[in-house]
Amino acid sequence: MSPEVYGLWFPKFSLLEDSGKTLTLVCDDPMAALWVENSYTPELKQAAMLALGGERNVKFVCADEVASEQETDAPAQKSSARKKTAQPDESQARTAKKARPQGARAALNDLYTFDSFVMYEDSRFAYQAAISAAQSERPLFNPLFLYGKSGVGKTHLLQAIGHEVLRQESSANVVYVTGEQFANEFIDASRTQNGQSFAKLRRKYRKADVLLVDDVQFISGKEKTVEEFLHTFDALFHAHKTIVLCADAAACDISNLDVRLAARLESGLTVELTLPGDEDRLEILRSKRDRAGMNVSDEILEFLASRIQKSVRRLEGALLRVATFTSLSGDMPDISKIEQLLRDILREETSRVLSVETIQKRVADFYELKVSDLTGKRRPNSIAFPRQIAMYLSRRLTECSLKDIGNAFGGRDHGTVIHANKLVASRMENDVRVRDIVLRLEEDLQG
């Protein structure tokens, strides 16, 4: 790479540890860590192989987190918010720390902490619930189930729980896994037809103090994987261990979800994360800019907040791209340059967006009804079921929350929308004609 690029990013990093398998690099600039991790990890791995004569993974941590860990490990800071029945002596504590599975911290992104999560009004409840789950040995609710569209911060909060638990008690066994990883591990164990493989798999998950499962919807429809997961869930639940799960939809909206798993997801506290509004998006951008010391004007932030509305992750990615351009070029781009720089992101944002009103009109036309029939109070089956289909499609095809959908259908509450989704999904499973109608309407709306 050019000396200019190297000088901009890499002097900010130093080597914290070489375990023989992983190089841990520390940096006091979270935005630089995120950029280098996303942009230069392959080059770093190649350089490590040339310099050290063997393959290394590369892990990035922030300097303030390392300092926090050192303070936690100091003798004067041995007290833990997660109370124990007996306090080990110093040698036992060191042994326990070494005994903690290496994958626990390695699987967590060091940038996903509670401190770096920018809370907005509609995420406040989810943030507070996550804090409670992380700081209580036996939380009031178990499991905690977070759901929402892609890019609203579910994974950030999930991993922040893991970081917070480990900050309080470094020897805690925190296991983070995606639904896809769990399914793949189960398949691998099944293929070996070896009892030891299953025993190892079960030991990994059922010995967890905190189990964090991302994208749990991925195991839906995988009967044997679900069966194994249910046994794991029950073992941890009855042992009063903390379970936190995330999905891209409410349990009632996940296709082919086993009713037993759905019941467990809904048995604790369920919290929806929704996309932030205009002012919240602007506040997120300002916070990210100020924390990372980016040279980006308020005018540009306002432009990004107004044009990028579908994903917080995409919003942050756009900010990072603009900040990198200004750092490398030394110039503050004008709006026309920003549009050129972000043309792929902006194109995705301006792709067709369905509204609840559009769905209501299409369903009403199909059933030869008026939109006012769907939003009114009348309940004959000739109106009630088309109304439920319109609610189901609104939940699937828009970014609207349960509350917003209910309001669009004459001020109905979110429970009515949930019931409609469950009923339509059930009818689609058992009645081919209903399934064909709903799928045809969905295809027409997306076409």
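**Exercise 1. Is Phe182 buried or exposed, and which ring does Phe182 pair with?**

Step 1. Phe182 has 2% relative accessibility, so Phe182 counts as buried. The cut-off for buried is under 20%. This is a predicted model.

Step 2. Check the partner. Phe229 is at 3% relative accessibility and also counts as buried.

Step 3. Search the whole structure for aromatic pairs: there are 10. In one of them, the ring centres of Phe182 and Phe229 lie 5.3 Å apart, with the planes at 90°. Planes over 60 degrees apart count as edge-to-face, so this pair is edge-to-face.

Step 4. Place the rings. Phe182 belongs to helix α8 (residues 179-192) and Phe229 to helix α10 (residues 223-238), so the pair ties together parts 47 residues apart in sequence.

**Exercise 2. Which residues of helix α17 are buried, and what covers them?**

Step 1. Helix α17 spans residues 356-366. Its buried residues are Val356, Ile359, Gln360, Val363 and Ala364.

Step 2. Look down the axis of α17. The buried residues fall within an arc of 130°, so they line one face of the helix.

Step 3. Find the cover. It includes α18 (371-375), α19 (381-397), α20 (402-408) and α22 (432-446).

Step 4. Follow the chain onward. Just after α17, Glu368 has a positive phi of about 55°.

**Exercise 3. Which residues touch the most other members of the largest nonpolar core?**

Step 1. This core holds 59 residues. Phe145, Val216, Phe229, Leu245, Leu265, Leu393 and Val438 touch the most other members.

Step 2. Ask which element gives the largest share. Helix α19 does, with 8 residues.

Step 3. Take Leu393. Leaving aside neighbours within four places in sequence, Leu393 contacts Ile359, Val363, Thr398, Val438, Leu441, Glu442 and Leu445.

Step 4. Another core lies apart from this one. It has 34 residues, including Phe141, Leu166, Tyr176 and Leu275.

**Exercise 4. Where are Gly151 and Gly153 found, and what do they touch?**

Step 1. Start from the record. The unreviewed UniProt entry annotates Gly151, Gly153, Lys154 and Thr155 as "binding site".

Step 2. Locate the glycines. Gly151 is in the loop between β4 (144-147) and α7 (154-168). Gly153 is in the loop between β4 and α7.

Step 3. Check burial. Gly151 has a relative accessible area of 5% and is buried. Gly153, at 18%, counts as buried.

Step 4. List contacts, leaving out residues up to four places away in sequence. Gly151 touches Ser311, Val312 and Arg313. Gly153 touches Phe117 and Leu273.

Definitions and conventions:
Residues are numbered from 1 along each chain as its sequence is written. This is a predicted model: local features need pLDDT of at least 70, side-chain atom pairs count only at pLDDT 80 or more; totals for chains, interfaces and linings use all residues. Side-chain values use heavy atoms; hydrogens and water are left out. Buried means under 20% relative accessible area, exposed over 50%, partly exposed in between (1.4 Å probe, protein chains only). Helices (H or I, at least four residues) and strands (E, at least two) are DSSP runs, numbered from the N terminus. The arc is that of the directions from the helix axis to the C-beta atoms. Contact means heavy atoms within 4.5 Å. A nonpolar core is a set of buried Ala, Val, Leu, Ile, Met, Phe, Trp, Tyr and Cys residues joined through side-chain atoms within 4.5 Å. UniProt positions are given in the numbering used here, feature names are shortened, and annotations may be inferred rather than shown by experiment. Rings of Phe, Tyr and Trp (its six-membered ring) pair if their centres lie within 6.5 Å; planes under 30 degrees apart count as stacked, over 60 as edge-to-face and the rest as tilted.
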